[in-house]
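Colleague: I should like to request a close look at a single part of this protein, explained for someone new to structures. Please take the sequence and the model together.

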Amino acid sequence: MWTIETLKQWHDFYMLVGTAGATLLALMFVAVSLGTGFLTEQRRAAARTFMSPVVLHFTSVFFLSAIALLPWHEAKFLAALIGVTAVTGAVISAWITIQVVRTDMTNYLEDYLAYGLFPCLGYLALLAAAVSIYLEKDFGLDALAGALLLLAIVSIRNAWDLTLTMVRRHGRTN
């Protein structure tokens, strides 16, 4: 019962963050559909390296916020879902970090941090949240909230960066 009662206090936060994550995820699909001329076979690697993680992070924010709002779970089940999401996201983010650093598509420290390091830190914080929630420690909900905010904010920055890149490159080809 600890989780259900404690999560009620977080209801508005998860409603706000989850709605933002879902809305921004949908806007990514709109941006991609408008940028179909940008997404060519030659830019396939760039799309996988830079766009796919943004979709993953927004999806994680939406999914975990929605799970936190469900009234029927217990701490161990919530912790398991957070843990699976955290491990999956951390592995993918580590791989993306390697790809971003190894590629010549960007040479900016900001991109290395925003596409690579910060999402990794967000998923590691989710893992810490999962362990804390499993142990029914109050810190877990704070870590969960902080990790979701980090993933949302970094993804907003990255979505903006991708949009500007598509607009600039499209402008050069016309």
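Which residues of α4 are buried?

Modeller: Please note at the outset that this is a predicted model. In helix α4 the buried residues are Ala75, Leu78, Ala79, Ile82, Gly83, Thr85, Ala86, Gly89, Ala90, Ser93, Ile96 and Val100.

It is useful to place the helix within the whole. The protein has six helices and zero strands, and its pattern along the sequence reads α-α-α-α-α-α. Of its 174 residues, 43% count as buried.

Let us turn to the length of the helix. Helix α4 runs over residues 75-102, which makes 28 residues. At 1.5 Å a residue, these should span 40 Å, and because the C-alpha atoms at the two ends are 40 Å apart, the expected span and the model agree.

One residue of the helix may serve as an example. Ile82 lies in helix α4. Its relative accessibility is 0%, and a residue is called buried when this value is under 20%, so Ile82 counts as buried. What does Ile82 touch, once its neighbours within four places in sequence are left aside? Its contacts are then Leu64, Leu126, Ala130, Ile133 and Leu144. A further relation can be given as a distance: Tyr134 stands 52 residues from Ile82 in sequence, while their C-alpha atoms are 9.9 Å apart in space. For the protein as a whole, if one considers contacts between residues at least 6 apart in sequence, 78% of them join residues at least 24 apart.

The helix also takes part in the surface. A nonpolar patch is formed there by Val87, Val91, Leu117, Phe118, Leu121, Leu124 and Leu127, and together these residues have about 580 Å² of accessible area. Two elements, α4 and α5 (109-134), each give two or more residues to this patch. The largest share comes from α5, with five residues. One of the patch residues, Leu121, is found in helix α5. Leu121 has a relative accessible area of 41%; this lies between the 20% and 50% limits, and Leu121 is therefore described as partly exposed. For the protein as a whole, the accessible surface comes to about 9,500 Å², and carbon and sulfur atoms account for 69% of that area.

In summary, helix α4 holds buried residues, including Ile82, and also gives residues to the nonpolar patch on the surface.

How values were computed. Residues numbered from 1 in each chain as written. Predicted model: local features only at pLDDT ≥ 70, side-chain atom pairs only at ≥ 80, totals over all residues. Heavy atoms only, no water. Helix = DSSP H or I, 4+ residues; strand = E, 2+ residues; numbered from the N terminus. Expected span 1.5 Å × (residues − 1). Buried < 20%, exposed > 50% of the residue type's maximum accessible area, 1.4 Å probe, protein only. Contact = heavy atoms within 4.5 Å. Areas by Shrake-Rupley, 256 points an atom, 1.4 Å probe, with all protein chains shown as cover. Patch = residues over 30% accessible without salt bridge, like charges linked within 9 Å, V, L, I, M, F, W, Y side chains within 5 Å. Salt bridge = Lys/Arg side-chain N within 4 Å of Asp/Glu carboxyl O.
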